[in-house]
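Hi everyone, thanks for making the time. I'd like to walk you through one structure today, so let's put it up on the screen.

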Amino acid sequence: MQKDSPTASSDLTKATAPRGISFKRTVSLIKFYRPMIEKQTLAYVIFSAIAGIVILLPLNGYAQVGLYTIFWTILGYMASLSPCILAKSGDSRIIERLIPVPVREKYIFRIVYFLIYIPIICSLLPFCAILLYKNMPTLHTDMFDQIITQVTGDFENSLSAKLSNLFTSWACILTCLYVVTLVRTNRIIKGILSVFGIQIVMGTLGALCGFSMAFNEGFLAGIEGTSYNPDETTQQLVNQVFHSSFFYFTTGLTILYVIVMLILNYRILKKHNL
């Protein structure tokens, strides 16, 4: 009996492999993840709604800034750690592999869900509250107005700052997603540690840049004998950071890291899908 040649088998595989994006397969994939999506969406919407309400509370400037900082930090971690939901109900990766959906569609679902859908869920309601705040003069305080100006982009170099924040957030999410998909034990803990690790590295780079520029500003002011104005100095430092070659270098490095993590997430998903 004549055996099929490797070339014939390869041709058969290519002929039977699904091509393009199938709406039916995508729906079946969403149905599998539906319990996860519903629970995570509900929890995130509730917390983001609370964050939005807090923004509109008639408080003094210190309370406004403090509460906003706390809630915005928590929302950031909620987005960064969102892939941990894949490990919440145990290891279901074997079942995921049996879903008759090509790797590319599973990958697209993960990228769209964790990089686009989750960040929108986390930030939409608070951002709407910020827009309402801007149209309610009775709630305004000088301290919080400065924060709102930065958030809404009404300041110089807002585009570069937003891009840097976006890719930093994506770097954390993709790292967590990769670790949760890769490791076999303690997936949630290792996913959390991976996010903290990325933030420590990026925070250290930012701190080094800020300290260096602050030292240079103080040193030059001392030599020239000019007066020190904290508000003006802070604004000057912010502008210098966004114009510095170090900022463009770190932003480029972050973008490169995001691209690498996109590739690695696809490869690990493809490897586990075999």
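I'll go from the overall fold to one salt bridge, and then to the empty spaces.

A word of care before we start: this is a predicted model. The protein chain has 10 helices and 0 strands, so what you see from the N terminus on is α after α. Of the 274 residues in the chain, 36% are buried. Take the contacts between residues at least 6 apart in sequence: 81% of them join residues at least 24 apart. For those of you who like surfaces, the accessible area is about 16700 Å², and 68% of that belongs to carbon and sulfur atoms.

Now to charges. How many salt bridges does the count come to? The answer is 1 salt bridge. Its partners are the side chains of arginine 34 and glutamate 38, with 2.7 Å from N to O. Both sit in helix α2, which covers residues 23–55, and because they are 4 residues apart there, about one helical turn separates them. As for their surroundings, arginine 34 is exposed, at 51% relative accessible area, while glutamate 38 is partly exposed, at 43%.

Let's stay with α2 and look at a pocket. The second largest pocket has a volume of about 300 Å³. Which element gives the most to its lining? That is α2, with 6 residues. The lining includes Phe32, Tyr33, Pro35 and Met36, and also Ile85, Leu86 and Lys88. By class, the lining of this pocket has 6 nonpolar, 3 polar and 3 charged residues.

Next, the enclosed spaces. The count comes to 2 cavities of 30 Å³ or more. The largest cavity has a volume of about 90 Å³. It has 10 lining residues, and the closest to its centre are Arg93, Glu96, Arg97, Arg110 and Leu269. Helices α4, α5 and α10 each give two or more residues to that lining. Its classes are 2 nonpolar, 3 polar and 5 charged.

The second largest cavity holds about 40 Å³ of space. Here α2 comes back, since α2 and α3 are the elements that give two or more residues to the lining. The most comes from α3, with 5 residues. Among the lining residues are Ala51, Val54, Phe71, Trp72 and Pro126. What classes make up this lining? There are 9 nonpolar residues, with no polar and no charged ones.

That's my tour, and I'm happy to take questions.

Terms used. Residues numbered from 1 in each chain as written. Predicted model: local features only at pLDDT ≥ 70, side-chain atom pairs only at ≥ 80, totals over all residues. Heavy atoms only, no water. Buried < 20%, exposed > 50% of the residue type's maximum accessible area, 1.4 Å probe, protein only. Contact = heavy atoms within 4.5 Å. Areas by Shrake-Rupley, 256 points an atom, 1.4 Å probe, with all protein chains shown as cover. Salt bridge = Lys/Arg side-chain N within 4 Å of Asp/Glu carboxyl O. 1 Å grid on protein atoms, 1.4 Å probe; cavity = no way out; pocket = protein on both sides within 12 Å on 5 of 7 lines; lining within 4 Å. Points joined across faces, edges and corners; volume = space filled by probe spheres on them. Nonpolar A, V, L, I, M, F, W, Y, C, P; charged D, E, K, R; others polar.
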